[in-house]
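The following paragraphs lead the reader through one protein structure, from single residues to a helix and a pocket. Please keep the sequence and the model in view while reading.

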Amino acid sequence: MKVAIVGASGAVGQEFLRVLEQRNFPIDELLLFGSHRSAGRTYTFRGKEHTVQLLRHGDDFQGVDIAFTSAGAGTSREFADDITRFGAVMIDNSSAFRMDDDVPLVVPECNAADALVRPRNIIANPNCTTIMMVVVLQPIERLSHIRSIHVASYQSASGAGAAAMAELQQQYRELAEGKAPTIEKFPYQLAYNVIPQVDVFQDNGYTKEEMKMFNETRKIMHTDARCSAMCVRISSLRSHSEAVWIETAEPLTPEQVRAALEAAPGVTVCDDPANRQYPMPLFTAGCDDVYVGRIRRDLANENGITLWLSSDQIKKGAALNAVQIAEYLVSQGQF
């Protein structure tokens, strides 16, 4: 198995290396690619040093079986033909191809088989906020069709990349020293603050991030459910959280929902309010699963359930989901 990582020096690229090693993914040869800024850097994988090569047009991907790409939508669009020309499966973490009809958008716990039909040999990894939500919603959908979804996300600095995480830490240091905080990665100071904007606003008043949740949920779950989202950036470092309200066709009890989630792959139920047990970014960072709690009836809707979830945005929200797609393809004899 010959595997490539494009964007190896970024936060997700580094997480790819950790996840591939943790899960002992079958790799005989590993290639790392990056921009002019990161080319030449070395990283250790399974005790061996690997040097980041400059990503360029040409035949560098000849013989590659799987290419994990996380270098931004523009880079993915520019180099997709180079990456897939010789038969490599491109598992792309950017937004470049997610809504293309001929590119499957895959969360293995929900729609793994979609990855088998890929006319362009590209599989899109969904947005992190969508991934963590649909992992929890799919088991509920099997109990009763979900008609509508309302969600408020609480998104950590990691969603804007490694530099954004560093900026948040820097802001806290600067403020503690009485200095003006550095503000480059976010529209406002994030330390001691929440910002009700993730990505750019669209004509309908929703942000691009919020519309991703609307569109991607429908494609992944093959559903007509509408998702109305409010995405908020908060001053946690890593792991996103979401408060979710759903309306189902038939009324469900919290007990039914809890039992379905406890049996679901990729989900850990942490729901014991009496003992103050509920998911939090402080504890879900670095974990594989999506953690869910606060499962209860929606007091405003007789067919409603509301819950709270938290998951590592860099791990399950990006690198792990992509690696799980690759693992599924291997399990299906694709390589």
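Does Asp288 count as buried, partly exposed or exposed, and what is its relative accessibility? The structure shown is a predicted model. In it, Asp288 has a relative accessibility of 33% and so counts as partly exposed.

Asp288 takes part in more than one charged contact. Its side chain meets that of Arg23 in a salt bridge, at 3.8 Å from N to O. Arg23 belongs to the loop between H1 and S2, while Asp288 belongs to the loop between helix H8 (281-284) and strand S12 (290-297); the pair therefore ties together parts that are 265 residues apart in sequence. Arg23 has a relative accessibility of 32% and is likewise classed as partly exposed.

Asp288 also forms a salt bridge with Lys315, where the closest N and O atoms are 2.9 Å apart. This pair links distant parts of the chain, since Lys315 lies in helix H9, 27 residues from Asp288. Lys315 is buried, because its relative accessible area of 5% falls under the 20% limit for that class. A further group of residues, Glu15, Arg18, Arg238 and Asp312, is joined into one network by salt bridges that share partners.

Another salt bridge brings together the side chains of Asp82 and Arg85, at 3.3 Å from N to O. Asp82 counts as buried at 5% relative accessibility, whereas Arg85 is partly exposed at 49%. The count of salt bridges in the model comes to 17.

Attention now turns to one helix. H6 covers residues 208-221 and reaches 20 Å from its first C-alpha to its last, close to the expected 20 Å. Ten of its 14 residues are buried, so that the helix is mostly covered. Among them are Glu209, Met213, Phe214 and Ile220. The buried residues of H6 pack against helix H3 (108-111), helix H4 (128-143) and the strands S8 (146-155), S9 (226-233) and S10 (240-248). Just after the helix, His222 takes a positive phi of about 50 degrees.

H6 also contributes to the largest pocket, as do helices H1, H2, H5 and H9 and strand S2, each supplying at least two residues of the lining. This pocket has a volume of about 1,300 Å³. Of the 49 residues that line the pocket, Ser70, Gly72, Gly159, Ala160 and Gly161 lie nearest its centre. The lining divides into 19 nonpolar, 21 polar and nine charged residues.

How values were computed
Residues are numbered from 1 along each chain as its sequence is written. This is a predicted model: local features need pLDDT of at least 70, side-chain atom pairs count only at pLDDT 80 or more; totals for chains, interfaces and linings use all residues. Side-chain values use heavy atoms; hydrogens and water are left out. Helices (H or I, at least four residues) and strands (E, at least two) are DSSP runs, numbered from the N terminus. The expected span of a helix is 1.5 Å times one less than its number of residues. Buried means under 20% relative accessible area, exposed over 50%, partly exposed in between (1.4 Å probe, protein chains only). Contact means heavy atoms within 4.5 Å. On a 1 Å grid over the protein atoms alone, a cavity is a set of points where a 1.4 Å probe fits but cannot get out, and a pocket is an open set with protein on both sides within 12 Å along at least five of seven lines; lining residues have an atom within 4 Å of a point. Grid points are joined across faces, edges and corners, and a volume is the space filled by probe spheres set on the points. Ala, Val, Leu, Ile, Met, Phe, Trp, Tyr, Cys and Pro count as nonpolar, Asp, Glu, Lys and Arg as charged, and the others, Gly among them, as polar. A salt bridge is a side-chain nitrogen of Lys or Arg within 4 Å of a carboxyl oxygen of Asp or Glu.
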